[in-house]
Amino acid sequence: MKLILVGIASALLLSIIVGLSRVERGPTPADRMLAAQLFGTTGVAILLLLAEAMETPALRDVALVFALLAAMAAVAFVKRAWHPGPGESEKGERP
Amino acid sequence: MSVIDVVSVLLLVAGTFFFLAGSTGVLRFPDVYTRLHALTKADNLGLGFFVIGLSLRADSWVVVVKMVLIWALVIVAGATAGHLVAEAARTSGVVPWRKPR
Amino acid sequence: MPGSTQLLSAAQARRPVERALLFAGVWFVVAEADLSSWTFGVPFVLVATIASLRLTPAREWRIRPAGALRYAWFFAHQSVAGGFDVALRAIRPSLPIDPKLVCYRLRIGPEHARVLVADTVSLLPGTLSAGIEEDSLTMHVLDCGLPVEEGTRLVEEHVADLFGIELAEEGGTIGPCEVGSVGTCGIGSEGAR
């Protein structure tokens with residue numbers, strides 16, 4: 001049973017890796033941000049799964065922090081990090 | 001393996017499908033708006049399957065409530081973040097991708 | 001603070017107690033019912049209650065339990081449909097999407113209700129909220145073939161039911177976001193193509 005759960009966790013890890021290539025590709029800062037969001041939700045799922053599989057309840061607290069951080073990161077990104085003016089939309093685009 | 005184990009694993013596999021589909025969408029969809037669709041909707045459903053699947057195996061009801069709380073937090077955070085990122089993309093002039101006709 | 005020397009009204013006196021109970025409940029769940037954790041839990045509940053009273057002193061809305069149940073059921077099955085819809089579109093080789101930005105004229109007035117409408121819309125099949133300006137909710141639609149207008153109207157009706165508020169007669173329709181912009185999902189210049 002434990003093996004199955006760890007297998008599922010590995011599949012989720014693969015899902016994160018697939019999604020994270022979007023960080024590298026961009027092209028806009030918003031694309032990179034949403035890949036970070038993906039890391040947040042999938043990370044929460046992995047942590048909840050491992051908390052159960054490895055009987056480590058503390059991992060659920062880590063999942064809780066992940067969920068909170070993902071929200072904070074998105075707000076901070078929109079309010080502070082990304083302030084392109086009009087006409088700057090091409091910034092970061094690759095030809 | 002008991003019946004509960006089997007049902008639980010099936011739910012977890014279903015959840016994994018949605019996470020993988022969400023990542024596929026983030027990779028394949030053409031612009032930031034469409035990628036946000038994939039991320040918010042598919043991942044929240046995937047996490048839903050996970051929370052239900054893991055709840056079947058949980059030792060106490062408090063753990064179930066805690067997982068539901070985390071799920072709710074992820075849903076609210078995901079929807080709000082999606083809205084903010086889409087709005088920021090729109091106001092900074094990221095033109096939505098249109099299907100070529 | 002005006003009126004601070006007067007007696008507190010019943011509602012004002014009840015508010016800190018309600019909030020403290022809520023945070024105590026949250027702590028109980030987060031600590032997974034571990035009694036030894038209350039050495040940290042008690043200060044947490046106190047600080048959270050004070051912070052919450054300072055940040056949001058009064059709450060001008062209330063939730064109707066029956067409306068909340070109807071909203072929860074609507075939300076549950078719509079978000080499942082939304083997840084299936086986008087997952088299948090993402091994995092199909094043909095990538096069947098036909099996206100567009102549209103604007104929906106809101107019928108719902110209060111700010112908190114509008115925020116909930118926007119958040120709910122993002123989890124429904126094919127719609128993603130992308131801003132609220134005055135009475136207009138900007139949405140990104142994943143496929144123009146989806147019944148987006150009906151879906152958004154339903155969201156508004158369920159949120160109104162949840163908070164027990166009335167919807168305006170006008171609005172509830174989808175249109176182009178700006179005059180002269182490209183037609184939106186079969187509206188406007190789309191037919192002239």
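Which residues are linked in a network of salt bridges with A:Arg60? They are A:Asp61, B:Lys66 and C:Glu32.

## Ground rules

This is a predicted model, so to speak, with a filter on it: local features need pLDDT of at least 70, side-chain atom pairs count only at pLDDT 80 or more, and totals for chains, interfaces and linings use all residues. Residues are numbered from 1 along each chain as its sequence is written, chains are lettered from A and ligands numbered from 1 in the order in which they are written, and side-chain values use heavy atoms, with hydrogens and water left out.

## Salt bridges

Over all chains, the structure holds 15 salt bridges, each being a side-chain nitrogen of Lys or Arg within 4 Å of a carboxyl oxygen of Asp or Glu. One of them pairs B:Arg35 with A:Asp31 at 2.2 Å, N to O. B:Arg35 sits in helix 2 (residues 32–55) of chain B and A:Asp31 in helix 2 of chain A, so this pair joins two chains. Helices here are DSSP runs of H or I with at least four residues, strands are runs of E with at least two, and both are numbered from the N terminus. Both B:Arg35 and A:Asp31 are buried; that word means under 20% relative accessible area, while exposed means over 50% and partly exposed is in between (1.4 Å probe, protein chains only).

Back in the network, the side chains of A:Asp61 and B:Lys66 meet at 2.5 Å, N to O. This pair also joins two chains, because A:Asp61 lies in helix 3 of chain A and B:Lys66 in helix 3 (residues 61–91) of chain B. A:Asp61 is partly exposed, with a relative accessible area of 32%, whereas B:Lys66 is buried at 1%.

Chain C has a salt bridge within one helix: C:Asp85 and C:Arg89 meet at 3.1 Å, N to O. Both lie in helix 3 of chain C, four residues apart, which is about one turn of the helix. C:Asp85 is buried at 18% relative accessible area, and C:Arg89 is buried too, at 11%.

## A nonpolar patch on the surface

B:Phe17, C:Val80, C:Phe84, C:Leu88 and C:Ile91 make up a nonpolar patch on the surface, with about 390 Å² of accessible area together. For a patch like this, residues need over 30% relative accessible area and no salt bridge; nonpolar side chains (Val, Leu, Ile, Met, Phe, Trp, Tyr) are joined within 5 Å, and like charges within 9 Å. The areas come from the Shrake-Rupley method with a 1.4 Å probe, and for residues only the protein chains shown count as cover.

Helix 3 (residues 65–91) of chain C supplies the largest share of the patch, four residues. C:Phe84 has its place in that helix and counts as partly exposed, at 38% relative accessibility.

## Chain B overall

Chain B has three helices and zero strands. Its radius of gyration is 17 Å, where a compact globule of 101 residues would have one near 13 Å; the radius is taken over C-alpha atoms, and the globule rule is 2.2 Å times the number of residues to the power 0.38. Along its principal axes, the C-alpha trace of chain B spans about 55 × 25 × 15 Å.

Buried residues make up 61% of the 101 in chain B. The chain exposes about 3,600 Å², and carbon and sulfur atoms supply 73% of that.

## Chain C: two domains

The domain assignment of chain C gives domain 1 (2–55) and domain 2 (65–176); such bounds come from an automatic or database assignment. Taken over C-alpha atoms, 34 Å separate the centres of the two domains.

C:Leu46 is in helix 2 (residues 38–55) of chain C and counts as exposed, at 53% relative accessibility. Its C-alpha atom is 50 Å from that of C:Cys144, 98 residues apart along the chain. C:Met139, in strand 3 (residues 136–141), is buried at 0%. Leaving out residues up to four places away in sequence, C:Met139 touches C:Lys100, C:Tyr104, C:Val121 and C:Ile174, among others, with contact meaning heavy atoms within 4.5 Å.

## Two positive phi values

Most residues other than glycine have a negative phi. A:Glu55 has a positive one, near 50°, in the loop between helix 2 (29–53) and helix 3 (58–81) of chain A. C:Ala33 is also positive, near 60°, in the loop between helix 1 (10–30) and helix 2 of chain C. A:Glu55 is exposed at 69%; C:Ala33 is partly exposed at 31%.
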